[in-house]
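The following account leads a new reader through one protein model, from a pair of charged side chains to the sheet and the loops. Please keep the structure in view while reading.

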Amino acid sequence: MTAAEYLRFVGATTRFTLEPHDIYERGEADMPIILAFWHGQHLLAPVARKMEHRVNMLVSRHRDGEINAIAAARLGVGTIRGSGNHSGGFVHKAGVAAFQTMIDSLAEGHSIALSADVPKVARVAGLGIIKLAQASGRPIYPSAIATSRRIVLDNWDRTTINLPFGRGAGVAAEPLTVARDADDAMLEDARRLLEDRLNAATRRAYELVDGASRGA
């Protein structure tokens, strides 16, 4: 069974709750958007979208990203290969190319989905996604997907393998925008705000599926 087929199976056998309940309608009003997740918590994102939504996902160039890229393609999600660096930007050659591709994709009406973490530093938002919002003028939607049945790996990002036949929750926190003329202090404020909202969305998603604040 391929990764894509497995994710379809999990999505089809999971009873999902959305918060807010009109999350898709709100997102459609702002399309295209930048959809932000924590790394390792994003595996169901391709099957959670509406089929008519045009989405490209930023996927790492590393070997582990290849599986994600193949699965996303089979699920109708485009991929952009690249990642930020440890300072949270897109300063290396491949990162600059990926950043420009994301800008172009947003301009063409494709939403962008990506993890907000600084690579290999879990739950710390990098500045790359903030600069993407600044350059594109598109809003960031901090989001989380959780399932009651899951396996959590003991790795840097606590990768969560979602299992079928359980409860699911998709949560979107209040979106945020970044002014094109934002200075360094404003960019840092936006980065911290994104971090806070992603954490809040993640906590809430797990509360909904677990019935208690157990966390991710």
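Arg-26 counts as partly exposed, at 46% relative accessibility; the term covers residues between the buried class, under 20% relative accessible area, and the exposed class, over 50%, judged with a 1.4 Å probe and protein chains only. Its partner in a salt bridge is Asp-22, with the closest N and O atoms 2.9 Å apart. Asp-22 is likewise partly exposed, at 22% relative accessibility. A salt bridge here is a side-chain nitrogen of Lys or Arg within 4 Å of a carboxyl oxygen of Asp or Glu.

The model is predicted, and local features need pLDDT of at least 70, side-chain atom pairs count only at pLDDT 80 or more, and totals for chains, interfaces and linings use all residues. Residues are numbered from 1 along each chain as its sequence is written, and side-chain values use heavy atoms, with hydrogens and water left out.

How many salt bridges does a search of the whole structure find? The search finds nine. Several of the residues concerned belong to a network that links Glu-188, Arg-191, Arg-192 and Glu-195. Within this network, Glu-188 meets Arg-191 at 3.0 Å, N to O, and Arg-192 with its closest N and O atoms 2.9 Å apart. Glu-188 and Arg-191 both lie in helix H7, three residues apart, about one turn of the helix. Arg-192 lies in H7 too, four residues from Glu-188, again about one turn. Their accessibility can be stated for each: Arg-191 is buried at 11%, Glu-188 is partly exposed at 24%, and Arg-192 is partly exposed at 49%.

Helix H7 spans residues 184-210 and lies across S1, S2, S8 and S11, running at about 25 degrees to S8. Such angles run from 0 to 180 degrees between N-to-C directions, with axes fitted to C-alpha atoms, for helices over the stretch in contact. Contact means heavy atoms within 4.5 Å. The protein has seven helices and 11 strands, which are DSSP runs numbered from the N terminus, helices being H or I with at least four residues and strands being E with at least two.

The strands crossed by H7 belong to an open sheet. Seven strands form this sheet, in the order S1-S11-S8-S2-S5-S3-S4, and the pairing is mixed. S1 and strand S4 (78-81) stand at the edges with a single partner strand each, so one side of each is left without a neighbour in the sheet. Neighbouring strands are turned by 25 degrees against each other on average, direction ignored. Two strands pair if DSSP finds at least two bridges between them.

Following the order of the sheet, one begins with S1 and S11, which pair in the parallel sense over five bridges; Arg-15 has Arg-167 in S11 as its bridge partner. S11 is mostly covered, with five of its six residues buried. Strand S8 (residues 140-147) pairs with S11 in the antiparallel sense, also over five bridges, and Ile-145 is matched there with Gly-170. S8 and S2 are parallel and share three bridges, one bridge pair being Ile-34 and Ile-140. S2 is also parallel to S5, over four bridges, where Ala-36 stands opposite Leu-114. Strand S3 (residues 55-59) runs parallel to S5 (residues 111-115) and is joined to S5 by three bridges, with Met-57 opposite Ala-113.

The loops hold several notable backbone features. The peptide bond from Glu-19 to Pro-20 is cis, with omega near 0 degrees, and Pro-20 lies in the loop between strand S1 (15-19) and helix H2 (23-30). A further cis bond joins Met-31 and Pro-32, with omega about -5 degrees; Pro-32 is in the loop between H2 and strand S2 (34-37). Which residues have a positive phi although they are not glycines? Arg-158 has a phi of about 55 degrees, and Phe-165 one of about 65 degrees. Arg-158 lies between strand S9 (150-152) and strand S10 (160-162) and is partly exposed, at 42%. Phe-165 lies between S10 and strand S11 (167-172) and counts as exposed, at 53%.

For the protein as a whole, buried residues make up 49% of the 216 residues.
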